[in-house]
Amino acid sequence: MSETPIVQKGLAALPEPVKGAVITVSDRCVSGEREDLSGPLAQRLLAEHDVVVEKVDLVPDGVEPVREAIRRAVAGGARVVLTTGGTGVTPRDLTPEATAPLLETRIEGIEAQIRAHGLTKTPLAGLSR
């Protein structure tokens, strides 16, 4: 009996890096009350997949600051835009509401995977929208 070779499927390397953007949404980070840890982490993880993010954009909670940051990123050539923060249940956590009208395609499976992974770290991840 011959062995069947194992074939691993993965993402093909891109011919050139893709321009990306990371936007951290947090009143506390903007005010200097808290250090932004998630934005720089997202930037590093994207770099591992040839998505170049020059700097993390830090904006306060609320619909308009988030929408404006996303629009700036896209106008600046970003093909991948990630937001972090502003997805809880407090009155100013409005990142989903700010983002939804700007989407061409919503990929709910990615959202579910992010929440599922978060649940391995904290039960509060289930409150993320």
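This is a short conversation about salt bridges in a predicted model.

Colleague: What should I know about the model before we start?

Modeller: The model is predicted, so local features need pLDDT of at least 70 and side-chain atom pairs count only at pLDDT 80 or more, while totals for chains, interfaces and linings use all residues. Residues are numbered from 1 along each chain as its sequence is written, and side-chain values use heavy atoms, with hydrogens and water left out.

Colleague: How many salt bridges does a search of the whole structure find?

Modeller: The search finds 5 salt bridges, among them the pair D27 and R92.

Colleague: Why is the contact between D27 and R92 called a salt bridge?

Modeller: The term asks for a side-chain nitrogen of Lys or Arg within 4 Å of a carboxyl oxygen of Asp or Glu, and the closest N and O atoms of D27 and R92 are 2.7 Å apart, so the pair qualifies.

Colleague: What does that pair tie together?

Modeller: D27 lies in helix α1 (residues 27-31) and R92 in the loop between β4 (80-84) and α4 (95-99), so the pair ties together parts that are 65 residues apart in sequence; helices (H or I, at least four residues) and strands (E, at least two) are DSSP runs, numbered from the N terminus.

Colleague: Why is R67 called buried, and what is E64 called?

Modeller: Buried means under 20% relative accessible area, exposed over 50%, and partly exposed in between (1.4 Å probe, protein chains only), so R67 at 18% counts as buried, whereas E64 at 48% counts as partly exposed.
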